[in-house]
Amino acid sequence: MRLRYFSHSAVQLTTADGKIILIDPFLDGNPTSPVKAKDVRADFIILTHGHGDHIGDSFAIADKYDPLFICVNELADYVSSKGYRAHNMHIGGAHNFDFGRVKFTIAHHGSMTPDNTYAGEPSGVIVSADGVNLYHTGDTGLFYDMKLIGEMTRIDYMLLPIGDNFTMGIDDAVKAVELVNPGIAIPIHYNTFPIIAVNPEEFRQKVTHKNTKVKILQFGEEIELK
Ligand code: NI
Ligand code: MN
């Protein structure tokens with residue numbers, strides 16, 4: 001599986017057999033993304049919650065490629081109400097799709113859509129494909145149950161916010177890494193806007209957890225996951 005990080009919480013996963021999964025594709029309104037909505041395609045779109053900086057350009061992309069949305073029940077119903085295909089799930093549940101397995105986790109945050117529709121609970125997501133387990137926490141504060149998430153699933157890659165104000169800041173993210181015990185931690189949800197400007201090198205320096213390496217991705221960079 002390959003991972004391309006667009007910036008903010010937006011990532012693209014490409015499986016070995018060529019399936020493309022987008023998570024929270026906020027591109028056109030995102031001043032830091034070098035990639036715009038017209039440049040991507042999708043077979044699946046996973047949304048962690050209903051905020052505009054996470055739904056992003058999902059519907060414009062879906063107009064062209066008819067992906068299957070995967071989200072918690074209320075957000076999936078919202079997506080369906082807009083005329084798109086959605087698979088309804090909820091927190092704690094996992095399901096096998098043709099590209100791999102998706103499991104939703106808790107996240108401590110909000111989830112109202114830009115047009116003021118209640119979109120259920122915000123979530124994080126564990127995507128397991130090609131032998132790799134990737135945990136994208138979504139927008140969240142620090143919570144102790146992250147320990148349980150790391151105990152139940154060996155997390156190879158953890159994508160977690162460090163930008164503060166709306167989510168965990170650096171110090172809480174460092175603790176989150178200790179709790180989850182991932183192989184590699186990738187900071188997200190920072191420097192998109194001045195209010196979430198931080199230095200990711202500070203995060204790298206503060207993570208001293210012995211099992212975890214920090215990988216800071218350039219906006220637009222693609223890496224092979226293994
Ligand atoms: Ni949010
Ligand atoms: Mn956000």
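Asp139 bridges two metals, the nickel ion (ligand 1) and the manganese ion (ligand 2), and these ions lie 3.2 Å apart. The model that shows this arrangement is predicted. Asp139 itself has a relative accessible area of 2%, so the residue counts as buried, the limit being under 20%. In the chain, Asp139 sits in the loop between strand 10 (132-136) and helix 4.

On the nickel side, Asp139 (OD) is joined as a donor by His49 (NE2), His51 (ND1) and His109 (NE2). These protein donors are found 2.2 to 2.3 Å from the nickel ion (ligand 1). Along the sequence the donor residues follow the pattern H-x1-H-x57-H-x29-D. The angles among the four donor atoms run from 87 to 176°. A tetrahedral site would need all angles between 85 and 135 degrees, so the upper value of 176° rules that class out. The site of the nickel ion (ligand 1) is classed as irregular.

Two of the nickel donors can be placed by their accessibility. His49 has 0% relative accessibility and is therefore buried. His51 has a relative accessible area of 23%, and is partly exposed because that class covers values between the 20% and 50% limits.

On the manganese side, the coordinating atoms come from Asp53 (OD), His54 (NE2), Asp139 (OD) and His189 (NE2), at distances of 2.1 to 2.3 Å. The spacing of these donors along the chain is D-H-x84-D-x49-H. Within this set, Asp53 and Asp139 link distant parts of the chain: Asp53 belongs to helix 1 (residues 52-55), and the two are 86 residues apart.

The next feature is the largest pocket. Its space amounts to about 200 Å³, and 13 residues line it. Lys103, Phe104, Thr105, Ile106 and Ile149 are the lining residues nearest the pocket centre. Two elements each give two or more residues to this lining, namely strand 8 (100-106) and helix 4 (146-152). Strand 8 has the largest share, with four residues. By residue class, the lining consists of eight nonpolar, three polar and two charged residues.

A further histidine, His209, is found in the loop between helix 6 (200-206) and strand 13 (213-214). With a relative accessible area of 19%, His209 is buried, because the class takes values under 20%. Beyond its neighbours within four places in sequence, His209 is in contact with Val177, Glu178 and Asn181.

Definitions and conventions: Residues numbered from 1 in each chain as written. Chains lettered and ligands numbered in written order. Predicted model: local features only at pLDDT ≥ 70, side-chain atom pairs only at ≥ 80, totals over all residues. Heavy atoms only, no water. Donors = N, O, S within 2.8 Å, 3.2 Å for Na, K, Ca; no water. Tetrahedral: all angles 85-135°; square planar, octahedral: opposite > 155°, others 65-115°. Buried < 20%, exposed > 50% of the residue type's maximum accessible area, 1.4 Å probe, protein only. 1 Å grid on protein atoms, 1.4 Å probe; cavity = no way out; pocket = protein on both sides within 12 Å on 5 of 7 lines; lining within 4 Å. Points joined across faces, edges and corners; volume = space filled by probe spheres on them. Nonpolar A, V, L, I, M, F, W, Y, C, P; charged D, E, K, R; others polar. Contact = heavy atoms within 4.5 Å.
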